[in-house]
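Reader: I would like a close look at one spot in this chain, and then at what surrounds it. Where does it sit, and how does it tie in with the rest?

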Amino acid sequence: MLKFGAPPPVGVAGEREYLDIAFVCQVPGWLVRLNEELPPGLALRREVVIGGQSPASIDQVVQRFDDRAVLPPAASGGPEPDQVAAAVDAFLASASWPCLRRRPKGDIEIDARALVPAGGLGLIHEPAGGEAPELRFTLLRGDGGTVLPVHDFLAALLGEALPEPRHCAITRTGCYGRHSDGRWLTPVEEVEETSLRFWLGRHLVG
């Protein structure tokens with residue numbers, strides 16, 4: 001069984017993605033063998049064996065998504081840099097930012113501001129000489145596991161200044177779960193800590 005944890009939307013690249021793989025038996029050297037069959041540009045970098053524990057799936061653990069978006073330049077129909085800067089300032093200064101998430105099973109209204117933590121939105125650098133603006137942003141899962149897709153967030157942030165959010169070059173740079181002590185950990189880090197607690201519990205208790 002193979003299951004990606006919260007896979008990125010269509011058209012969004014990922015720098016650090018995670019997946020659960022279950023085998024019916026041990027397969028020595030599976031990481032090397034699988035990488036030999038993957039297409040160029042795609043590779044599995046690391047494995048963490050779960051062992052005798054049964055942690056939650058990656059999709060259940062991840063609560064935070066970090067992204068980078070290169071917007072279309074103004075010459076190609078994208079927003080002017082000053083429009084982007086003004087939208088970012090207005091968003092960060094607002095108490096709420098209602099937006100509509102359109103879904104086949106029914107549209108829902110989401111407060112986008114509540115899903116962006118402190119320090120979770122900004123320009124990567126001030127564009128100059130016709131450069132395309134670049135944004136970094138963090139989106140959290142809302143109550144009940146609600147997720148605001150990145151394209152919907154950019155549409156809500158920039159409005160008519162960005163007529164087609166799917167023309168942005170978006171890369172997900174990381175995803176994290178909230179540890180019980182408040183730290184943000186990658187799924188791999190969370191499994192490592194859970195494995196350590198499981199091992200200590202079996203070998204040191206009693």
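Author: T186 sits in the loop between β10 (184–185) and α5. The model is a predicted one. Is T186 buried or exposed? T186 has a relative accessibility of 13%, so it counts as buried. The cut-off for buried is under 20%.

What does T186 touch, once its neighbours within four places in sequence are set aside? Its contacts are Y18, C175 and Y176. Keep Y18 and C175 in mind. We will meet them again.

Now step from the loop to α5. Helix α5 covers residues 187–204. Look at the largest pocket. Its space comes to about 1,500 Å³. The lining has 45 residues, and those nearest the centre are L19, I21, W30, R46 and E47. Several elements give two or more residues to this lining: β1 (2–4), β2 (12–14), β3 (19–21), α1 (30–35), α2 (58–61) and α5. Which element gives the largest share? It is α5, with five residues. So much for position. What kinds of residue line the largest pocket? There are 31 nonpolar residues, six polar and eight charged.

One loop belongs in this tour too. L42 lies in the loop between α1 and α2. L42 has a relative accessible area of 49%, so it is partly exposed. Compare T186, which counts as buried at 13%. L42 and A87 are 45 residues apart in sequence, and their C-alpha atoms are 35 Å apart in space.

Next comes the second largest pocket. Its volume is about 280 Å³. It is lined by 16 residues, and A6, P7, F65, V147 and R172 are the closest to its centre. Two elements, β4 (64–70) and β8 (134–140), give two or more residues to this lining. The lining of the second largest pocket holds twelve nonpolar residues, no polar ones and four charged ones.

Strand β8 leads us inward. What is the largest nonpolar core made of? It has 27 residues, and those with the most contacts inside it are F91, L121, L135, F137, F153, L154 and L157. The elements that give two or more residues to this core are α3 (81–93), β8 and α4. The largest share comes from α4, which gives six residues.

There is also a second, separate core of seven residues, and it includes A6, Y18, F65 and C175. Here the earlier names return. Y18 and C175 are both contacts of T186. A6 and F65 are among the residues closest to the centre of the second largest pocket. So start at T186, go to its contacts Y18 and C175, and you arrive at members of the second core.

Back to the largest core and its main contributor. Helix α4 takes up residues 150–158, and seven of its nine residues are buried, so the helix is largely enclosed by the rest of the structure. Which residues of α4 are buried? They are V150, H151, F153, L154, A156, L157 and L158. After α4 comes G159, with a positive phi near 55 degrees.

Pick one residue from this helix. L154 is part of α4. L154 counts as buried because its relative accessibility is 0%. Setting aside neighbours within four places in sequence, L154 contacts A69, L135, F137, G159, L162, P165, C168 and I170. Take the pair L154 and I170: they are 16 residues apart in sequence and 10 Å apart in space, C-alpha to C-alpha.

L135 is on that contact list. What does L135 itself touch, beyond residues up to four places away in sequence? Its partners are D67, R68, A69, L71, V84, V88, L121, G122, L123, I124, L154 and L157. A69 appears for L135, and A69 appears for L154 as well.

Last, zoom out. The protein chain has five helices and ten strands. Its C-alpha atoms fill a box of roughly 60 × 40 × 35 Å along the principal axes. How much of the chain is buried? Of its 206 residues, 36% count as buried, and T186 is among the buried ones. Among contacts with a separation of 6 or more, 60% are between residues 24 or more positions apart. The accessible surface is about 12,400 Å², and carbon and sulfur atoms hold 54% of that.

Key
Residues numbered from 1 in each chain as written. Predicted model: local features only at pLDDT ≥ 70, side-chain atom pairs only at ≥ 80, totals over all residues. Heavy atoms only, no water. 1 Å grid on protein atoms, 1.4 Å probe; cavity = no way out; pocket = protein on both sides within 12 Å on 5 of 7 lines; lining within 4 Å. Points joined across faces, edges and corners; volume = space filled by probe spheres on them. Helix = DSSP H or I, 4+ residues; strand = E, 2+ residues; numbered from the N terminus. Nonpolar A, V, L, I, M, F, W, Y, C, P; charged D, E, K, R; others polar. Buried < 20%, exposed > 50% of the residue type's maximum accessible area, 1.4 Å probe, protein only. Contact = heavy atoms within 4.5 Å. Areas by Shrake-Rupley, 256 points an atom, 1.4 Å probe, with all protein chains shown as cover. Core = buried A, V, L, I, M, F, W, Y, C linked by side-chain atoms within 4.5 Å.
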